[in-house]
Amino acid sequence: MKLKIAVLAGDGIGPEVTNEATSILRAVAEFGGHDFSFVPLLIGGVAITEAGSPLPTATLDAALECDAVLLGAVGDNKFNSLTPDKRPEAGLLQIRQALGGFANLRPSVAYKALAASSPLRPEVTEGVDMLFVRELLGGLYFGAPREWNREKEVAINTMRYTKAEVVRVARVAFELAAKRRKKVTSVDKANVLEVSQLWRAAVTEVAADYPEVTLEHQLVDSMAMHIMNTPRNFDVVLTENLFGDILSDEAGVITGSLGMLPSATIGGAVNLYEPVHGSAPDIAGQGKANPLGAILTAAMILRHSAGLEQDAAAVETAVVKVLDAGYRTSDIARGQTAGQTPVTTHEMGRLVHEALAQSIDQRQAMHAV
């Protein structure tokens, strides 16, 4: 397998966590005899400082020539005086739009070792493994007309979808569900919104092509309650843009820390991968950042861009092993709890690397028998 990966480490803790993620990818390449190359590029505040733009043309051009983009984080308070279109975050929005991914994938997994990190009771979160598939380019965030008329004291946003936009993201959800537990929960507000009525009709039509996958519909308000009460009931959750933004963040409490959450945006010219957390400039360079979200994002690269499912699963298993052994960065540590060992960003990455090596060695030994 040959893969060219653009690495946009960005600001704050971005370089630290991205370094651990790329180390894992290099290890997978070495163990499996793959050819992974990495192209370092500028984005965000560091790009403003060095190139005068949050997304230099050279970065975008080079990223579009790669097979995947791994992004660390963007944002730095020292640029807050700039207008919004000049700030580091503008670079992130621009590259997302330019790459054209329309389906955002956000896993929400309950790790047994981190049960105490979630505000939900362990018996509620135990065994949860949800995957949100959020439509990313339509809906209320992009519909026209939109305006804030200050003189008339009126603001307008438009929720708009075409059937084609719904169908393409629905197919992503059903394809993924077919490889998982074969269930799709589609979220809408069809009892009130015509857009949701179109959404429900289009998703139902797509479901007919996947008879092995069960489809259920949930209204967004009831879904918000179900995620907190019975999250084990869900496998792949399909949502439009606004509902997915809200619900996937809500589901983040199941895992217990933003530092544990990966994401992928697929379907465009080049897939974009990034951990959910921000740049956290207040802890940058201190070895406090949790690299597991970035490492799990690397696993998503292996799964969705490289097609290396076994290796992706091996990375995820290695993360579980390290957590089960009690190793914790500060965001997932719980005081003086017995059995926990505090570690730095790099130490956590090294431990996952070691666990991954053991897992792959065992797999190769079994194949040799």
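**Legends to the close-up views**

**View 1. The whole chain holds twelve helices and 14 strands.** The model is predicted. Along its principal axes, the C-alpha trace covers about 60 × 50 × 45 Å. A compact globule of 369 residues would have a radius of gyration near 21 Å, and the value for this chain is 21 Å, so the two agree.

**View 2. Inside and surface of the chain.** Of the 369 residues, 51% are buried. Among contacts with a separation of 6 or more, 76% join residues that lie 24 or more positions apart. The exposed area of the chain is about 16400 Å², and 53% of this area comes from carbon and sulfur atoms. The chain carries 33 positive and 43 negative charges, and the mean positions of these two sets are 2 Å apart.

**View 3. Helix H6 runs through residues 163–178.** H6 has 16 residues, which at 1.5 Å a residue should span 22 Å; the C-alpha atoms at its ends are 22 Å apart, so the helix agrees with this value. Buried residues in H6 include Val 166, Val 167, Val 169 and Val 172, together with Phe 174 and Leu 176. Glu 165 is also buried, as are Ala 170, Ala 173 and Ala 177.

**View 4. Helix H11 runs through residues 309–324.** From first C-alpha to last, the 16 residues of H11 reach 22 Å, close to the 22 Å expected at 1.5 Å a residue. Among the buried residues of H11 are Asp 311, Ala 312, Ala 314, Val 315 and Ala 318. Val 319, Val 322 and Leu 323 are buried too. After H11 comes Gly 326, which has a positive phi, near 95°.

How values were computed: Residues are numbered from 1 along each chain as its sequence is written. This is a predicted model: local features need pLDDT of at least 70, side-chain atom pairs count only at pLDDT 80 or more; totals for chains, interfaces and linings use all residues. Side-chain values use heavy atoms; hydrogens and water are left out. Helices (H or I, at least four residues) and strands (E, at least two) are DSSP runs, numbered from the N terminus. The radius of gyration is taken over C-alpha atoms; the globule rule is 2.2 Å times the number of residues to the power 0.38. Buried means under 20% relative accessible area, exposed over 50%, partly exposed in between (1.4 Å probe, protein chains only). Contact means heavy atoms within 4.5 Å. Accessible areas come from the Shrake-Rupley method with a 1.4 Å probe; for residues, only the protein chains shown count as cover. Lys and Arg count as positive and Asp and Glu as negative; His and the chain ends are not counted. The place of a charge is taken as NZ of Lys, CZ of Arg, CG of Asp or CD of Glu. The expected span of a helix is 1.5 Å times one less than its number of residues.
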